[in-house]
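Trainee: Please pick one helix and take me through it slowly. I would like to know what surrounds it and how that fits into the rest of the model.

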Amino acid sequence: MRRRSQWILWAASLAVYAFLYVPLAVVVIFSFNDSMLNAEWVGFTLAWYEKLLGDGEMLRAAGNSVAIALLSSSVATVLGAMAGIAMHRYRMPWLPLLVLTPVAMPEILLGVSLLLFFRQVLDLTLGFFSILVAHITFSIGFVAVIVRARLAGMDEGVFEAARDLGATPWMTFRRVTLPLILPALVAGFLMSFTLSIDDFVITFFVAGVGVTTLPLQIYSMIKVAVTPEVNAVSTLLMALTLTMVLVATRLAPDVMRRGR
Amino acid sequence: MALLEIREVTRRFGGLAAVDRVSLAIEAGEFFTLLGPSGCGKTTLLRMIAGFDEPDEGELFLDGKSLSGIAPEKRPVHTVFQSYALFPHMTVAGNIAFPLEMANRPREEIARRVRETLALVHLDEKGQAYPHELSGGQKQRVALARGLVNKPRLLLLDEPLGALDAKLREEMQVELINLQRDVGVTFVFVTHAQQEALALSHRIAVMNMGRVEQLDTPDRLYTAPSSRFVADFIGKINLIEVEVIDASHGHLGLRAAALGEFAAEPVPGVKAGERGALALRPELVRVTERLESVDLRNRFTGRVKELLYLGDVTLYKVQLDGGFVIEALLTNAAPGRARLFKAGDSVTVAWRHDAGVFLRG
């Protein structure tokens, strides 16, 4: 009886994992397939990657994506940390509402309203800057939540202890608060980065005509056909995201251990 | 001049006075304790000394200088927090070096003083350990070392032994006494544990509802409480409601409804007809088998209602014939003489007329 239920559990887990990872595996495998069609395996090739490297438009889009992701997650980490600390310190009920609403807001709504704001209110030329600001906007809330969660699990006394032992508010932040929330900052940065690099909906609205990002570029390519080149670029994107996750998990235990 | 003077300090939270016109002076070198139940204002007072809170009225003076508007980091006052509040991302040595670094001491001096202070609290080997690798008692010592290393004028201790188990607590009490004597820093200790306060302090301010009820040495507080609250809060005590029937014969003649008449030491100014309570420590109440064996005038017969055997002593609750239930603490030190009574035994209880303290009101 027990053996049977265990078997069912195993099968269920396997099915779920297959559901999650088989499509990804297919993309990776076919990016090395020596055929224009994503139908059957013909032979191994790196031709699609070579083609990718020669594709100026694609490279520019990738460059934009990485630059926007790095910049937006850096700014969002700083602003989100400030918001997280404020939410923790000043228990004003409206503050979390203010900070976290963009997180809960449907992306399409955020996209439309940002577009209206940039065009109608600011009369801004859409492009790199508007995408950057949009990405910062939706990332702040995520960082803030992570930082607040980190602070909530902490002994409140350490901040008072620092002041008590002669540290100015600034020194207290530098020597105590900052090191203690560092794991949250790392996690928040990586989260913002991945959110930014694969964002489609909001970027679609605020990108304008001149500047494009990787997800937008992929989308415009598959409007014609899902070519192996799309598989190749997706594989690279996956590799990048995976590296980020691995870096995060390798970094985190160290920071966590010292921060506990 | 007192080291710390608290003058008419009041602090209100939402109309309620947490600290209500408190005045007291703490002398240099003292081990001073603020004792009281939770909510009595002792922690609020401590936070005002540390600088985390400011009085609504009144003023605090350190070495004769007002502390008004002085930020916590600018006060030569350090605190040992109840939760220890050690910096989890710093080593033990890093924690202890922190106040010295904030004071911009030279590097060599910091290294030397950290070493000395680690030795002082017997943690020489633990300098490179992180707080989460330490036991409760060790954390406690680090917190003490961190508070003492920069030689504050005043060390505040907020229930620092609260998180320790009973045995460790007793050890730390002895260490605290020795440490305070050795470093000569003035300690202001906050606790709700009266036994701890008695064991550690030179002087104790007993606080209740924002006010200081009595400020005295431990033995004075124990033997001569000035109010029902203090009598009841410190140690075990029998409080007998009485009326004064005679104050003229070099003693007080008292009558208790549930007991009868008995005598007590005279109190200046107390006249016949006044009401009050007689506070009587259980260990001053004798319990014997027969009435005849007692030569004291204050003696009553009753039955043992219940008893608690505590090893070194036994606590008896004796229901007297008048109805009053009196507590008596008998030592079990002399096996030949001590007699263990059982519940239901008929006994005689008695006490010297100077054993109790008459409290007015």
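Mentor: Let's start with α7(A), whose buried residues pack against α8 of chain A and also against α1 (42–50) and β6 of chain B. Helices (H or I, at least four residues) and strands (E, at least two) are DSSP runs, numbered from the N terminus. "Buried" is a count: 20 or more other C-beta atoms lie within 10 Å of the residue's own, while 12 or fewer make it exposed and anything in between partly exposed, with C-beta atoms placed from the backbone. The model is predicted, so to speak: local features need pLDDT of at least 70, side-chain atom pairs count only at pLDDT 80 or more, and totals for chains, interfaces and linings use all residues. Residues are numbered from 1 along each chain as its sequence is written, and chains are lettered from A and ligands numbered from 1 in the order in which they are written.

By that count α7(A) is mostly covered, with six of its eight residues buried. They are A:Val158, A:Phe159, A:Ala161, A:Ala162, A:Arg163 and A:Asp164. After the helix comes A:Gly166, which has a positive phi near 105°.

Now look at the neighbour in chain A. Two packed helices are described by the angle between their axes and the distance between the axes. Here α7 (residues 157–164) and α8 (residues 169–197) of chain A pack at about 145°, their axes 10 Å apart. The axes are lines fitted to C-alpha atoms, for helices over the stretch in contact, and the angle runs from 0 to 180 degrees between N-to-C directions. The crossing of α7(A) and α8(A) is right-handed, which is to say that the near helix is turned clockwise from the far one by less than a right angle (anticlockwise would be left-handed). On the α7(A) side, A:Val158, A:Phe159, A:Ala162 and A:Arg163 meet A:Thr172, A:Arg175, A:Val176 and A:Thr177 of α8(A). Sorted by class, this contact has four nonpolar, two polar and two charged residues. (Ala, Val, Leu, Ile, Met, Phe, Trp, Tyr, Cys and Pro count as nonpolar, Asp, Glu, Lys and Arg as charged, and the others, Gly among them, as polar.)

Next, the two chains together. In all, 18 residues of chain B are in contact with 18 residues of chain A, contact being C-beta atoms, placed from the backbone, within 7 Å. On the chain B side, β6 (77–80) and α2 (92–102) each supply at least two residues. Of these, α2(B) gives the most to that side, with three residues. The same side of chain B has 11 nonpolar, five polar and two charged residues.

Finally, the wider interior. The largest nonpolar core (buried Ala, Val, Leu, Ile, Met, Phe, Trp, Tyr and Cys residues joined through C-beta atoms within 7 Å) has 141 residues, and B:Ala145 and B:Leu156 are among those with the most contacts inside it. Helix α6 (residues 128–152) of chain A gives the most to this core, with 13 residues. B:Leu156 has contacts that include B:Leu46, B:Ile49, B:Val77 and B:Thr79. B:Ala145 sits in helix α4 (residues 136–148) of chain B, and it is buried because 24 other C-beta atoms lie within 10 Å. B:Ala145 touches B:Ile96 and B:Leu118, among others. B:Leu118 is 27 residues from B:Ala145 in sequence, yet 6.8 Å away in space, C-alpha to C-alpha.

Methods
Two residues are in contact if their C-beta atoms, placed from the backbone, lie within 7 Å. Lists of a residue's contacts leave out its neighbours within four places in sequence.
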